[in-house]
Amino acid sequence: MFSDESRFSLQSDSRRTFIWRASGTRYHQENTIERHRYGGAGWLVWGGIILGSRTDLHVQSVTMTCHIYRDVILEQHVRLFRGAMGAEFQFMDDNARPHRANIVDECLQSEDITRMDWPAYSPDLNPIEHVWDMLGRRIAAR
């Protein structure tokens, strides 16, 4: 199971455009990416995908903590998929601080959930990142 959370802002952005580019490609359109610095009201959305299936989306208005992650995400979502999939189940979450807390590790061990090794700062390897891109485009289009 690949899992991730993303924050969606309810406020408009600062209208600033940040440029990430290779040397010599200044202001090329393909190098211009609008970045939103989230502040104020917003929603944190967590989801998981697995071959042929997905979890329900979990939506909350507060920051993800290790306790919320354990009590809500792992207990109410991941554990159910692990039970259905059996011993072959592997769980992927990123290296966010709430995901690496001792109480989360203890919960995963007690439920016999194997966590995939995942390099830090590697969202491009996680297929669920495309879901957030699609959701963000739909929200922005409204």
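## Exercises on a predicted fold

With a relative accessibility of 23%, R70 counts as partly exposed, where buried means under 20% relative accessible area, exposed over 50%, and partly exposed in between (1.4 Å probe, protein chains only). The structure is a predicted model, in which local features need a pLDDT of at least 70 and side-chain atom pairs count only at pLDDT 80 or more, while totals for chains, interfaces and linings use all residues. Residues are numbered from 1 along each chain as its sequence is written, and side-chain values use heavy atoms, with hydrogens and water left out.

### Exercise 1: confidence

State the mean pLDDT of the protein, and find where confidence is lowest and where it is highest.

Solution. Begin with the average: pLDDT, the predictor's confidence in each residue from 0 to 100, has a mean of 80 over the protein, and 76% of the residues reach 70 or more. Then go through the helices (H or I, at least four residues) and strands (E, at least two), which are DSSP runs numbered from the N terminus. Confidence is lowest in strand β2 (residues 18–19), with a mean of 56, and highest in α2, at 96.

### Exercise 2: salt bridges

Determine how many salt bridges the structure holds, and describe the network that includes D93.

Solution. First apply the criterion, a side-chain nitrogen of Lys or Arg within 4 Å of a carboxyl oxygen of Asp or Glu; the structure holds six such pairs. One of them joins the side chains of R70 and D71 at 2.7 Å, N to O, and D71, like its partner above, is partly exposed, at 37% relative accessibility.

Next take D93, whose side chain meets that of R100 at 3.0 Å, N to O. D93 is buried at 0% relative accessibility, whereas R100 is partly exposed at 27%.

The next step is the bridge between R115 and D105, whose closest N and O atoms are 3.0 Å apart. This pair links distant parts of the chain, since R115 belongs to strand β8 (residues 114–115) and D105 to helix α2, ten residues apart. Both partners are partly exposed, R115 at 22% and D105 at 29%.

Finally, join the pairs: D93, R100, D105 and R115 are linked in a network of salt bridges.

### Exercise 3: the nonpolar core

Identify the residues that touch the most other members of the largest nonpolar core, and the element that gives the most to this core.

Solution. A nonpolar core is a set of buried Ala, Val, Leu, Ile, Met, Phe, Trp, Tyr and Cys residues joined through side-chain atoms within 4.5 Å. The largest has 18 residues, of which M1, Y69, I73, L74, V78, F89 and F91 touch the most other members. At least two core residues come from each of β4 (42–50), α1 (66–85) and α2 (102–110), and α1 gives the most, with six. In soluble globular proteins, nonpolar side chains tend to be buried together.

As a check on one member, list the contacts (heavy atoms within 4.5 Å) of F89: residues up to four places away in sequence not counted, F89 touches M1, I50, V78, F81, R82, I113 and T114.

### Exercise 4: helix α1

Compare the span of α1 with that of a straight helix, and locate its bend.

Solution. The expected span is 1.5 Å times one less than the number of residues, which gives 28 Å for a straight helix of 20 residues, yet α1 spans only 24 Å between its end C-alpha atoms. The bend, taken as the angle between axes fitted to the seven residues ending at a position and the seven starting there, is about 50° at L74.

Now turn to the buried residues of α1, namely Y69, V72, I73, L74, H77, V78, F81 and R82. An α-helix has 3.6 residues a turn, so residues three or four places apart point the same way. The buried residues of α1 pack against β1 (2–9), β4, β5 (53–54), β6 (58–60), β7 (90–91) and α2. Among them, H77 has a relative accessible area of 12% and, neighbours within four places in sequence aside, is in contact with W46, T55, D56, H58 and V72. After the helix comes G86, whose phi is positive, near 85°.

### Exercise 5: two loop residues

Decide whether I128 and D112 are buried or exposed.

Solution. I128, in the loop between β8 and α3 (129–141), is buried at 2% relative accessible area. D112, in the loop between α2 and β8, is exposed at 53%, and its phi is positive, about 55°, although it is not a glycine.
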